[in-house]
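Please look over the structure below, and then follow the questions and answers that come after it.

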Amino acid sequence: MLETALSSRHPSLPQTDVLDLGIEGMTCASCVGRVEKAIRRLPGVADVAVNLGTERARITGADIDVSILIAAIEKAGYDAHAIPEGGEADAEAAKRQEIQRDLMHVGIAAALTAPLLVAMIFHVAGIRMALPGWAELALATPVQFWLGARFYRAGWTAVRAHTGNMDLLVALGTSAAYLLSLYTLLKSWSYGGTPTLYFDSSAIVITLILFGKWLEARAKRQTGAALRALSALRPERARLRATDGSEREVPIDRVAVGNLVVVWPGERIPVDGLIREGESSADESMLTGESLPVTKSVGHKVTGGAINGDGLLLIETTAVGAESMLARIVRLVENAQAAKAPIQKQVDRVAAVFVPVVLVIAWIAFVGWWLVTGDIEQAILSAVAVLVIACPCSLGLATPTAVMAGTGVAARYGILIRDAETLEEAHGIDTVAFDKTGTLTEGNPSIVAIEPAEGIDCPELLRLAAAVQHGSEHPLAKAVRIRAEAEGVRAPAATAVKALPGRGITAMVESRNLVLGSGRLLSEHGIDADVLTGRADALQREGRTVSWLLDVGGAPARPRPDRLRRRAETDGA
């Protein structure tokens, strides 16, 4: 995926650009260092950041041929591929299948290892209960060479690249324990005696590491859930209006800047644009945190992914695809997840030399025990212990997984973190400034005041308001119904219910023509609110949302004041 599109004729980066590649086969922090080293050697590369958690490489440079990049990564022993636009769904499906396969392998490994583990526990407890040698061999062999084959493949790749990785340590350690056990078992069959076997050790280590691999893959997928949820907000299709006035549905990818898009009530807005016709409200909580719908009319901007309210809108498209607000938000979070925190860069430098150092220490342990005790069996076991215990998987995964989890959870709650360094420094924040109250609300309005006009009581006002809004899904309507139910008020049936886009709703209740909505309705119906206006202004200064219920009767030019009622809601911060 390129942030500036590549020409189909010239697959190279013009000027200075950013290229994302998917990397497969990385298992630890030392793998990250090798991939970065292979890419950094190429001419034209200005910077490279490889993230183990996202399994991606981000390359910044000029005039870099993508095929040369992929060839260099494959030469280092890893698979690489360009990330196509819109290919996230396929990648997600493949990752889901991989996680399911890993879970199946963990289950099989656990079933084969369980008898070996039980025998080991009984032995530690002083109870003599050992499986026959042939049984241990039969149980451990599929775990070692079938379920553990991934470690041999990855370890061999590292050897071919003249380096080492975590999988090489696992393969060497478990193979040593397995082969030593096989040797002593065959020796006992030939010369008699009771062999000391370590099949249980090799099988348990592989099973536990497979379980860790599954947990790791599951954590990676869960941390990307917020991004997938954001991306899912964009509709797959849009309704275009042609110059002759006809309408047709097309895939969202076929919508271009300047096209006119029709959005029906209740639909998600598919594009960023300007309203050319219509009046409605839009739920933009996924972008702004504002819990209540925002009134929209001709000339107002709308954002793709927001939910249209109760009006029909004609929108002129101003941004689509990668340039839309939603796509930029997703890209911002992706950039934060792909970036390395300063502490991660230090970890990578340590991991680059970690594996060779571990191999040297394991060799020293083997030679030392052999020379001092003369017991080659104990020497091998000591070297195996060093190799297995020193696996640096947590070293390379802890920081990137924490960054992914932190940015992912923050995005789910509407907090966008620009980069990993910012996240690392966030612990020092002692003051937070909010620009509007909408970001601090629970999104569940409740009625805090009911102010009836002279001649009507509060229960009657609540009964009529609940009747008008009986079928509405607006958050304020729900607040009215909840209050009515709590007070045992039964709303009568309403007829001729009609939405007033951006203003409110009208309905006939018990032969009364009622209108409920914003203060604009007062001037539209020529009503003087008298003393209630002052009370409404005081509530609004407190941050309350005020709605008016009007009895307009036969729609006279200026109804009497006793036809006026009002109520107030708040978000209940």
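Q: How many bridges join strand 1 to strand 3, and in which sense do they run?
A: This is a predicted model, in which local features need pLDDT of at least 70 and side-chain atom pairs count only at pLDDT 80 or more, while totals for chains, interfaces and linings use all residues. Residues are numbered from 1 along each chain as its sequence is written, and side-chain values use heavy atoms, with hydrogens and water left out. Helices (H or I, at least four residues) and strands (E, at least two) are DSSP runs numbered from the N terminus, and two strands pair if DSSP finds at least two bridges between them. Between strand 1 and strand 3 (residues 56–61), which run antiparallel, the number of bridges is six.

Q: Which residue of strand 4 stands opposite G22?
A: Strand 1 is also joined to strand 4 (residues 79–82), in the antiparallel sense, by four bridges. In strand 4, the residue opposite G22 is H81.

Q: Why is strand 1 described as largely enclosed by the rest of the structure?
A: Buried means under 20% relative accessible area, exposed means over 50%, and partly exposed lies in between, with a 1.4 Å probe and protein chains only. Strand 1 (residues 17–24) is largely enclosed because the number of its eight residues that are buried is seven.

Q: Which residues have the most contacts inside the largest nonpolar core?
A: A nonpolar core is a set of buried Ala, Val, Leu, Ile, Met, Phe, Trp, Tyr and Cys residues joined through side-chain atoms within 4.5 Å. The largest such core has 25 residues, and the elements that each supply at least two of them include strand 1, helix 1 (29–40) and strand 3. Inside this core, the residues with the most contacts are I23, M26, I39 and I59.

Q: Where are the edge strands of the open sheet with the order 10-9-12?
A: Three strands form this open sheet, and their pairing is antiparallel. Strand 9 (residues 280–283) pairs with strand 10 over three bridges, and A282 has V294 as its bridge partner in strand 10. Each edge strand pairs on one side only, and the two are strand 10 (294–296) and strand 12 (307–308).

Q: Why does the length of helix 6 agree with what is expected?
A: The expected span of a helix is 1.5 Å times one less than its number of residues. The 26 residues of helix 6 (residues 166–191) should therefore span 38 Å, and the distance between its end C-alpha atoms agrees, being 38 Å.
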